[in-house]
Amino acid sequence: MLILPTMLIMGLLLGFIGAGGAGSIIAILTIFFHVPIHTALGTSLLAMVFTSLSGTYSHFREHNTILPVGLATGLFGAMGAYLGSQLSYLIPGDNLQWLTASMLILSSLALAIRIFKGFGMFEETTSILHHPKTMRFWIAALGVGLITGLLSGLFGIGSTPFIQIGLLTFFGLTVQEAAGTTMLVILPIALLGGLGYFSLGFIDIKIFLEVVGGTMIGSYIGAKFTTRLHPTILKVAMVGVPAAGAILLFFG
């Protein structure tokens, strides 16, 4: 039963930063609760569907979600996620844990560089790419969606930092919009990726229910603070959460 309150706390953080949080959940399940890595990957990825659903609804009510961007990118992301999940079983568990940790730390570093190198610019950014009227919109959605979806399915991570980098860079969203829209992008990615792992038998139903129960409640509450706290806090949390998950996997 310790999994449930732990996931409630995780949900608060994930809702705040606009993340599905599979990478951090994988780290907690494998290191503290000794869940096999493939099962942790599948369980956490499928649980992200419900975490993201709760967070997406809350962010939508807070006007942080750009629907055309989220729907288009998520559609292509789902295709990549299912393909990645079917390939993951080919990677041995020990190697997969190390690779997942590496992807988390890489994503954290990349997002830190993208966010803090032009501090303040994203809050003032406006873009004509919010609406699917140009070929550039669909090329961006295809590229960001497929790449992040494949990473999610293959390594069981939500690829939140990579998605947010893509939304900030190619669609010109603000930090708050990137957080809210990322939750929507993660929904189909987590669904198709999770079903892929389920088809391979890597889902623990009991753990899945505890993860979902805690993160759904926490995510809904956490999303309320995205626009209420200073953007600097949001940026630090966006970078810090995946970095913490990577550290756990590396040294746990």
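This tour moves through one helix contact and then through the aromatic pairs of a predicted model.

Begin by selecting helix α6 (residues 135-155) together with helix α7 (residues 160-170), whose axes come within 10 Å and cross at roughly 170°. Because that angle is over 145 degrees, α6 runs roughly antiparallel to α7. To see what makes the contact, show the side chains of Ala140, Val144, Thr148 and Leu151 on α6, and add Phe162, Ile163, Gly166 and Phe170 on α7. The residues of this contact divide into 6 nonpolar and 2 polar, with no charged residue among them.

Turn next to the aromatic rings, of which the structure holds 4 pairs. Select Tyr57 and Tyr220, a stacked pair with 6.3 Å from centre to centre and 20° between the planes. This pair links distant parts of the chain, since Tyr57 lies in helix α3 (residues 37-61) and Tyr220 in helix α9 (residues 205-222), 163 residues apart. Tyr57 is partly exposed, with a relative accessible area of 45%, and Tyr220 also counts as partly exposed, at 29%.

Now return to helix α6 and select Phe137 with Phe171, whose ring centres are 5.5 Å apart and whose planes stand at 75°, so the pair is edge-to-face. Here too distant parts of the chain are linked, with Phe137 in α6 and Phe171 in the loop between α7 and α8 (175-199), 34 residues apart. Phe137 counts as buried at 1% relative accessibility, and Phe171 is buried at 0%. Finally, add Trp138 to the selection, which together with Phe137 and Phe171 forms one aromatic cluster.

Technical notes. Residues are numbered from 1 along each chain as its sequence is written. This is a predicted model: local features need pLDDT of at least 70, side-chain atom pairs count only at pLDDT 80 or more; totals for chains, interfaces and linings use all residues. Side-chain values use heavy atoms; hydrogens and water are left out. Axes are lines fitted to C-alpha atoms, for helices over the stretch in contact, and angles run from 0 to 180 degrees between N-to-C directions. Helices (H or I, at least four residues) and strands (E, at least two) are DSSP runs, numbered from the N terminus. Angles under 35 degrees count as roughly parallel, over 145 as roughly antiparallel, 65 to 115 as roughly perpendicular and the rest as oblique. Contact means heavy atoms within 4.5 Å. Ala, Val, Leu, Ile, Met, Phe, Trp, Tyr, Cys and Pro count as nonpolar, Asp, Glu, Lys and Arg as charged, and the others, Gly among them, as polar. Rings of Phe, Tyr and Trp (its six-membered ring) pair if their centres lie within 6.5 Å; planes under 30 degrees apart count as stacked, over 60 as edge-to-face and the rest as tilted. Buried means under 20% relative accessible area, exposed over 50%, partly exposed in between (1.4 Å probe, protein chains only).
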